[in-house]
Amino acid sequence: MKTAARMDDKARSAARAAAAKARPAPPGSPVPAPTRLKFWGVRGSIPTPGPTTVHYGGNTSCVEVRADGQIIVLDAGTGLRLLGQQLVAEFDAQPLDLTLLLTHTHWDHIQGLPFFLPVYEPQNQLRILGFEGARHGLEVVLAGQMESPFFPIGLREVPANVRIEELKQMRFRIGPVRVQAYSTYHPGKCFGYRLFTSDGSLAFFPDNELHQPDGSENRKLIDFLHGTDVLIMDTQFDTEEYQQHTGWGHGCLDDVVALALRAEVMKLFMFHHDPNHDDAKISQMLAHARRLVTARKGKLQIEAAREGVTVELGAAVRV
Ligand SMILES: [Zn+2]
Ligand SMILES: [Zn+2]
């Protein structure tokens, strides 16, 4: 891991300069930093490096949220590796206090964890929150992927203080940030989260299939999401593909747009892009989604999540 921990000086200073702008204001500072999120991994199922996925990115599920003095990481897909490099460059030897909130333990949501540099620094604290992994406890599942012969360093051997806390309640707090959980329709156990910050709320549903339109389950979800500023949701399939994948636990774009309109969401980010979708296909799906909103005279803004993009919450949602 020593090699992985090295970062060339140029990359380090560039990362530090970028981070200086985005760093949360220290407690008591007159102008608190606005809540912001950054996409580090937007792909579903498996990483997809290569020339046809450069625009939206090929890393799997990982979103960083900075809100009310907290650094909250949503999912630990392969995008987590890049976030780890950024955090180490930005904070240098200062201790980091991080919360990782997991939706579920499918590979594409946990595989970045063994390559997350902050866990190899003894001054850092990482609190991992998630519901029980299907069939096994959360700790067993997370430690399992780092056991020999899968990985050379065990999760319990890393120098940082890593605490794994299995969630039991559907409502909890991460510092001042209020969180509500929602059990999604996806194989095994999987949860979506809505985070309420002082600048508004965001909801993260990376793996979810909607039930039949107008069903009572969808009404429950519409209530749960009502008025969300930023919704990040699984839109893996277009309508044609969805016909072949009904019941797989992933979203159909048209259904998600309809849901976001009914829930009066301000901004929707299409997420968990299918590994077989190249940049052109995702851009086509985005254009289609925007046409749906125009046809219904809706105000919903839509983007396709893209690695490296930062979004600020506030009076207006800015990208
Ligand atoms: Zn997934
Ligand atoms: Zn999954």
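A salt bridge is a side-chain nitrogen of Lys or Arg lying within 4 Å of a carboxyl oxygen of Asp or Glu. In the predicted model examined here, the side chains of Glu217 and Lys220 meet this criterion, with a nitrogen-to-oxygen distance of 3.7 Å. Both residues belong to helix α5 (residues 216-225), and because they are 3 residues apart in that helix, about one helical turn separates them. Glu217 is partly exposed, its relative accessible area being 25%. Lys220 also counts as partly exposed, at 48% relative accessibility, because the exposed class begins over 50%.

By the rule stated above, the structure contains 10 salt bridges. Side chains of opposite charge can pair when their charged atoms come close. One of the salt bridges joins Arg127 to Glu165, whose closest N and O atoms are 3.2 Å apart. This pair connects distant parts of the chain: Arg127 is located in strand β5 (residues 125-130) and Glu165 in strand β6 (residues 161-166), with their positions 38 residues apart in the numbering. Glu165 has a relative accessible area of 26% and is therefore partly exposed.

A further salt bridge is formed by Arg156 and Glu139, and here the closest N and O atoms are 3.3 Å apart. Distant parts of the chain are again linked, since Arg156 lies in the loop between α4 (138-144) and β6, whereas Glu139 lies in helix α4, the two being 17 residues apart. The partners fall into separate accessibility classes: Arg156 counts as exposed at 60% relative accessibility, while Glu139, with a relative accessible area of 35%, is partly exposed. Salt bridges also link Glu64, Arg66 and Glu90 in a network.

The packing of two helices was also examined. The axes of helix α7 (residues 253-262) and helix α8 (residues 279-295) come within 10 Å of each other and cross at roughly 40°. At this angle, α7 is oblique to α8, because angles under 35 degrees would count as roughly parallel and those from 65 to 115 as roughly perpendicular. The crossing of the two helices is right-handed. On the α7 side, the contact involves Leu253, Asp254, Val257 and Leu261, which meet Met285, His288, Ala289, Leu292 and Val293 of α8. By class, the residues in this contact comprise 7 nonpolar, 1 polar and 1 charged.

Key. Residues are numbered from 1 along each chain as its sequence is written. Chains are lettered from A and ligands numbered from 1 in the order in which they are written. This is a predicted model: local features need pLDDT of at least 70, side-chain atom pairs count only at pLDDT 80 or more; totals for chains, interfaces and linings use all residues. Side-chain values use heavy atoms; hydrogens and water are left out. Axes are lines fitted to C-alpha atoms, for helices over the stretch in contact, and angles run from 0 to 180 degrees between N-to-C directions. Helices (H or I, at least four residues) and strands (E, at least two) are DSSP runs, numbered from the N terminus. Angles under 35 degrees count as roughly parallel, over 145 as roughly antiparallel, 65 to 115 as roughly perpendicular and the rest as oblique. A crossing is left-handed if the near helix is turned anticlockwise from the far one by less than a right angle, and right-handed if clockwise. Contact means heavy atoms within 4.5 Å. Ala, Val, Leu, Ile, Met, Phe, Trp, Tyr, Cys and Pro count as nonpolar, Asp, Glu, Lys and Arg as charged, and the others, Gly among them, as polar. Buried means under 20% relative accessible area, exposed over 50%, partly exposed in between (1.4 Å probe, protein chains only).
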